[in-house]
Amino acid sequence: MDAPTAASHGSRVLVTGAARGIGAACAARFVARGATVYVSDVDDEGGRAVADSLGPSAHYLHLDVASEAEWDACVQTIEADGGRLDVLVANAGAAHRADIADTSLADFRRMLDINLVGTFLALKNANTAVKSGGSVITVSSLRGILATAKLGAYGASKFGVRALTRVAALELAERGIRVNSVCPGSIDTDITGSEDFADHDVAGYVRTIPMQRRGTTADVADAVVFLAGSESSYITGTDLVVDGGLAAGARTPTHTSGQKA
Ligand SMILES: NC(=O)c1ccc[n+]([C@@H]2O[C@H](COP(=O)([O-])OP(=O)(O)OC[C@H]3O[C@@H](n4cnc5c(N)ncnc54)[C@H](O)[C@@H]3O)[C@@H](O)[C@H]2O)c1
């Protein structure tokens, strides 16, 4: 089997949903390591701005991850521009927050379309668009591990991302392509900027995180770069949780407030 390539000088990387947030941080990290990066998104203005800010090694490509035709066009463009990818980061996503009873079928389907169908199409294309020795990283969520009230549609999509990632890891292993997920906890980005997150108590949430802080986009980009590179060459089909310790378990409650058990 070929040695893993990946997050190194001269490698070729596609990041979906890279016009801002975690995707933009990943794109910047790969460019800093000498890779050629395709910054893709549905937000053409934001995506172009990210690519322009990263210099000549970054190129913007429009890609709605839920569209099979747009994946075909994007992969053809990348191949014509220099061949297969070393790394594919399936990061694009959106969130919706409501009880199941209050979630419209349209919103449920929108979550599945962007987060789950988008990841399915990334993994389907990985079979031909990624080189042997390459690495695919999907972006699930802590909410794809822990069921969370009001995140039914989002959680269903993100549990599904982890399932698809493992299946793809099994199927692509013989081609030497590794496939893993990152599962971020609460990361400070615009994804929770919509009205349905308006009553979300961020400060209260942070108090439940063992490390007592939200994550940064750089925290997630570090994990993605690790999974892309040769330092993770024997890791496939797994989840890398980036959550400040929240999924590790719970502290035992005590009568003394503010003190750790
Ligand atoms: N921020 C968090 O707390 C957090 C936690 C866990 C997982 N995640 C996951 O991380 C990923 C990135 O989220 P973020 O926090 O950076 O959010 P963000 O909203 O800042 O960025 C998401 C990007 O995806 C793009 N996008 C949306 N729909 C798309 C589509 N159909 N095709 C292509 N691009 C599309 C948006 O335009 C945007 O640029 C998502 O998959 C999200 O579910 C985020």
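**Helix packing and the ligand site**

Helices H4 and H5 are roughly parallel to each other, because their axes cross at roughly 10 degrees and angles under 35 degrees count as roughly parallel. The model described here is predicted. H4 spans residues 105–129 and H5 spans residues 152–172. Their axes come within 9 Å.

Both helices contribute a series of residues to the contact. From H4 come Phe108, Met111, Leu112, Asn115, Leu116, Thr119, Phe120, Leu123, Ala126 and Asn127. H5 supplies Ala153, Tyr154, Ala156, Ser157, Lys158, Gly160, Val161, Leu164, Thr165, Ala168 and Leu172. By character, 14 of the contact residues are nonpolar, six are polar and one is charged.

The ligand has 26 residues around it. Those that come nearest are Arg20, Asp41, Asn91, Tyr154 and Thr189. Tyr154 thus appears in both settings: it belongs to the H5 side of the helix contact and is listed among the residues nearest the ligand.

Polar atoms of the protein approach the ligand at several points. In the side chain of Arg20, an N or O atom is 2.7 Å from a ligand oxygen atom. Ile22 uses its backbone instead: an N or O atom there lies 2.8 Å from an oxygen atom of the ligand. At Leu63, a polar backbone atom is 3.5 Å from a ligand nitrogen atom. Taken alone, the ligand exposes 830 Å², and the protein buries 93% of that area.

Note on methods
Residues are numbered from 1 along each chain as its sequence is written. This is a predicted model: local features need pLDDT of at least 70, side-chain atom pairs count only at pLDDT 80 or more; totals for chains, interfaces and linings use all residues. Side-chain values use heavy atoms; hydrogens and water are left out. Axes are lines fitted to C-alpha atoms, for helices over the stretch in contact, and angles run from 0 to 180 degrees between N-to-C directions. Helices (H or I, at least four residues) and strands (E, at least two) are DSSP runs, numbered from the N terminus. Angles under 35 degrees count as roughly parallel, over 145 as roughly antiparallel, 65 to 115 as roughly perpendicular and the rest as oblique. Contact means heavy atoms within 4.5 Å. Ala, Val, Leu, Ile, Met, Phe, Trp, Tyr, Cys and Pro count as nonpolar, Asp, Glu, Lys and Arg as charged, and the others, Gly among them, as polar. A residue is near a molecule or strand if one of its heavy atoms lies within 4 Å of it. A polar contact is a pair of N or O atoms within 3.5 Å; within protein, one must be able to donate a hydrogen and the other to accept it, and residues adjacent in sequence count only if both atoms are side-chain atoms. Accessible areas come from the Shrake-Rupley method with a 1.4 Å probe; for residues, only the protein chains shown count as cover.
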